[in-house]
Amino acid sequence: MPANVPFLLAMGRLHPNKGFDVLIRALQDVPRAHLVIAGEGPARDALQDVARQCGVTSRVHLPGWLSDTGPFLRACDIFICSSRIEPLGNIVIEALSAGRPVIAGDIQGPAEILRGTEDGLMAESENPHDFSLKINDLLDDSDKAHAIAFKGRQRYEREFSALTVLAQWDRFFQQMRPR
């Protein structure tokens, strides 16, 4: 990828459920950004076809599975979860942990994490135009992007960090202990 170009990141199995085709279509209206979709799966050829049809092949990168996603998460300008089905949204939590601004489709898992907060933006699932509007909004307003990333990282520390989760498990086990 060229230096000094906004870098959007999505990760997951290359499968229709992940909605990466929607994200590639959204890229048509975000001409200054490159998109990395890290993962592997049966939809690789179909996603490359969508990129060709949309004229964005040079800006869509499919590096395959990454054994260490941390550097990519920390380096991206925006993390995007475009899934059609995502019961929990672990990947959204990972992006919050990296202190990156997050845009996610308004579906079950990501919505439970982000809806009604200032920790990320929700885009209408299946709507490339809405994703592109949200992406451009954050690329145009770095203060907003930084604020979302900061609040997301704070939220991660409060609710999802290892220490927090282990303390919750400890309280649960203490309550379950016979007296």
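## Exercises on salt bridges, a pocket and a surface patch

Arg 25 has a relative accessible area of 30% and is therefore partly exposed. The model behind these exercises is a predicted one.

**Exercise 1.** Work out where Arg 25 and its salt-bridge partner Asp 21 lie, and how each of the two is classed by accessibility.

*Solution.* Begin with the contact itself, in which the closest N and O atoms of Arg 25 and Asp 21 are 3.1 Å apart, within the 4 Å that a salt bridge requires. Next, place the two residues: both belong to helix H1, where they are four residues apart, about one turn of the helix. Then turn to accessibility, for which buried means under 20% relative accessible area and exposed means over 50%. Asp 21, with a relative accessible area of 17%, is therefore buried, whereas Arg 25, at 30%, is partly exposed. Finally, look beyond the pair, since Asp 21 and Arg 25 are linked with Arg 84 and Glu 126 in a network of salt bridges.

**Exercise 2.** Explain which parts of the chain are tied together by the salt bridge between Lys 18 and Glu 86, and decide whether Lys 18 is buried or exposed.

*Solution.* The search of the whole structure finds 14 salt bridges, and one of them joins Lys 18 to Glu 86, with 3.0 Å between the closest N and O atoms. Lys 18 sits in the loop between strand E1 (7–11) and helix H1 (20–27), while Glu 86 sits in the loop between strand E4 (78–81) and helix H4 (90–97), so the pair ties together parts that are 68 residues apart in sequence. As for accessibility, Lys 18 has a relative accessible area of 18% and is therefore buried, and Glu 86, at 12%, also counts as buried.

**Exercise 3.** Determine how Lys 144 and Asp 137 are classed by accessibility, given that they form a salt bridge.

*Solution.* The closest N and O atoms of Lys 144 and Asp 137 are 2.5 Å apart. Lys 144 has a relative accessibility of 32%, which means that it counts as partly exposed. Asp 137, for its part, has a relative accessibility of 27% and so counts as partly exposed.

**Exercise 4.** Describe the lining of the largest pocket, first by residue and element, then by class.

*Solution.* The largest pocket holds about 170 Å³ of space. Its lining includes Asp 77, Ile 78, Gly 99, Arg 100 and Pro 101, and also, further along the chain, Leu 138, Leu 139, Ser 142, Ala 145, His 146 and Ala 149. The elements that give two or more residues to this lining are helix H6 (128–140) and helix H7 (142–160), and H7 supplies the largest share, four residues. Sorted by class, the lining has six nonpolar, three polar and two charged residues.

**Exercise 5.** Identify the residues that form a nonpolar patch on the surface with Phe 172, and find how Phe 172 is classed by accessibility.

*Solution.* The patch is formed by Trp 169, Phe 172, Phe 173 and Met 176, which together have about 460 Å² of accessible area. Phe 172 lies in helix H8, which spans residues 162–176. A patch residue needs over 30% relative accessible area, and Phe 172, at 37% relative accessibility, counts as partly exposed.

**Exercise 6.** Compare the separation of Thr 57 and Phe 7 in sequence with their separation in space.

*Solution.* Thr 57 lies in the loop between helix H2 (44–54) and strand E3 (60–64), and at 42% relative accessibility it counts as partly exposed. Along the sequence, Thr 57 and Phe 7 are 50 residues apart, and in space they are 15 Å apart from C-alpha to C-alpha.

Technical notes
Residues numbered from 1 in each chain as written. Predicted model: local features only at pLDDT ≥ 70, side-chain atom pairs only at ≥ 80, totals over all residues. Heavy atoms only, no water. Patch = residues over 30% accessible without salt bridge, like charges linked within 9 Å, V, L, I, M, F, W, Y side chains within 5 Å. Areas by Shrake-Rupley, 256 points an atom, 1.4 Å probe, with all protein chains shown as cover. Salt bridge = Lys/Arg side-chain N within 4 Å of Asp/Glu carboxyl O. Buried < 20%, exposed > 50% of the residue type's maximum accessible area, 1.4 Å probe, protein only. 1 Å grid on protein atoms, 1.4 Å probe; cavity = no way out; pocket = protein on both sides within 12 Å on 5 of 7 lines; lining within 4 Å. Points joined across faces, edges and corners; volume = space filled by probe spheres on them. Nonpolar A, V, L, I, M, F, W, Y, C, P; charged D, E, K, R; others polar.
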